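Me: Please go through the terms used for this model and set each value against its definition.

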Amino acid sequence: MKVLVPVKRVVDYNVTITVKDDGTGVNLANVKMSMNPFDEIAVEEALRQREAGAVTEVVAISIGPDKAQDTLRTALAMGADKAILIKTDETVEPLAVAKLLKAVIDQEGADLVIMGKQAIDDDCNQTGQMLAALLGWSQGTFASKLELSADAATVTREIDGGLETLKLTLPAIVTTDLRLNEPRRVSLPNIMKAKKKPIDEMDPASLGVDMAPRLEVITTAAPEKREAGIRVETVDELIEKLKTEAAVL
């Protein structure tokens, strides 16, 4: 079974985000970038399934500039068998990402796509669902457990009322939640080996995908700072403030 794992280069989750003075976006200059955490979970799950014998090949794919190679090399250091970069300096919206992934799947072939449920930079949570629709494949989103057989995938996902278990006919799309696994630490020798591994490059134009943006960002603003809390002396005072100031009672 061949598994495709999309990985995205995003601002590291430990970095404090700042907005540009003109409101045109987020400051990315001299900011630490890393693999989207949900995608890292997806890579780990694909590798675990390969180690269990359910998967034969794990292919990592990223869409972005040259620097996205660093993200792919992280996936290779973790244990991915192959890496593909669709090289572009343009901002790629979720629908375009789904179309590009579909084009690669049509060329490369894949039995399963395991991908993060969302990216922490835009929080769209759309690409997996769009890709499933374009391919006409089964989908299981927000997976907290995944079991594979020769022709099916069993996905356990968290819902408001508890857990839901789905049996998907392969090929399928599975998007990962935080509780699916804990990604492995990458050893220094594997990092050094990954630097020497080849990365296949593709051009969006050669895949015949329309990359034209369909969304326009009007402005970007930082959230307002939270005001300091106050202490109250009695329950009656608290109730009064909830009624008159907070207007929640």
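The turns below take the terms one at a time.

Reply: This is a predicted model, in which local features need pLDDT of at least 70, side-chain atom pairs count only at pLDDT 80 or more, and totals for chains, interfaces and linings use all residues. Residues are numbered from 1 along each chain as its sequence is written, and side-chain values use heavy atoms, with hydrogens and water left out.

Me: Why is Asn 30 called exposed?

Reply: Buried means under 20% relative accessible area, exposed over 50%, and partly exposed in between (1.4 Å probe, protein chains only). Asn 30 has a relative accessible area of 86%, so Asn 30 is exposed.

Me: Why does Asp 123 count as partly exposed?

Reply: Its relative accessibility is 45%, which falls between the two cut-offs, so Asp 123 is partly exposed. Asp 123 also has a positive phi of about 55 degrees, although it is not a glycine.

Me: What puts the buried residues of helix α4 on the same side?

Reply: Those residues are Thr 127, Gly 128, Leu 131, Ala 132 and Leu 135. They cover an arc of only 135 degrees around the axis, and therefore lie on the same side of α4; the arc is that of the directions from the helix axis to the C-beta atoms. Helices (H or I, at least four residues) and strands (E, at least two) are DSSP runs, numbered from the N terminus.

Me: What makes the lining of the largest cavity 5 nonpolar and 2 charged residues?

Reply: The lining residues are Glu 93, Leu 95, Ala 96, Met 211, Ala 212, Pro 213 and Arg 214. Leu, Ala, Met and Pro count as nonpolar, and Glu and Arg as charged, so the lining has 5 nonpolar, no polar and 2 charged residues. A cavity is a set of points on a 1 Å grid over the protein atoms alone where a 1.4 Å probe fits but cannot get out, and lining residues have an atom within 4 Å of a point.

Conventions. 1 Å grid on protein atoms, 1.4 Å probe; cavity = no way out; pocket = protein on both sides within 12 Å on 5 of 7 lines; lining within 4 Å.
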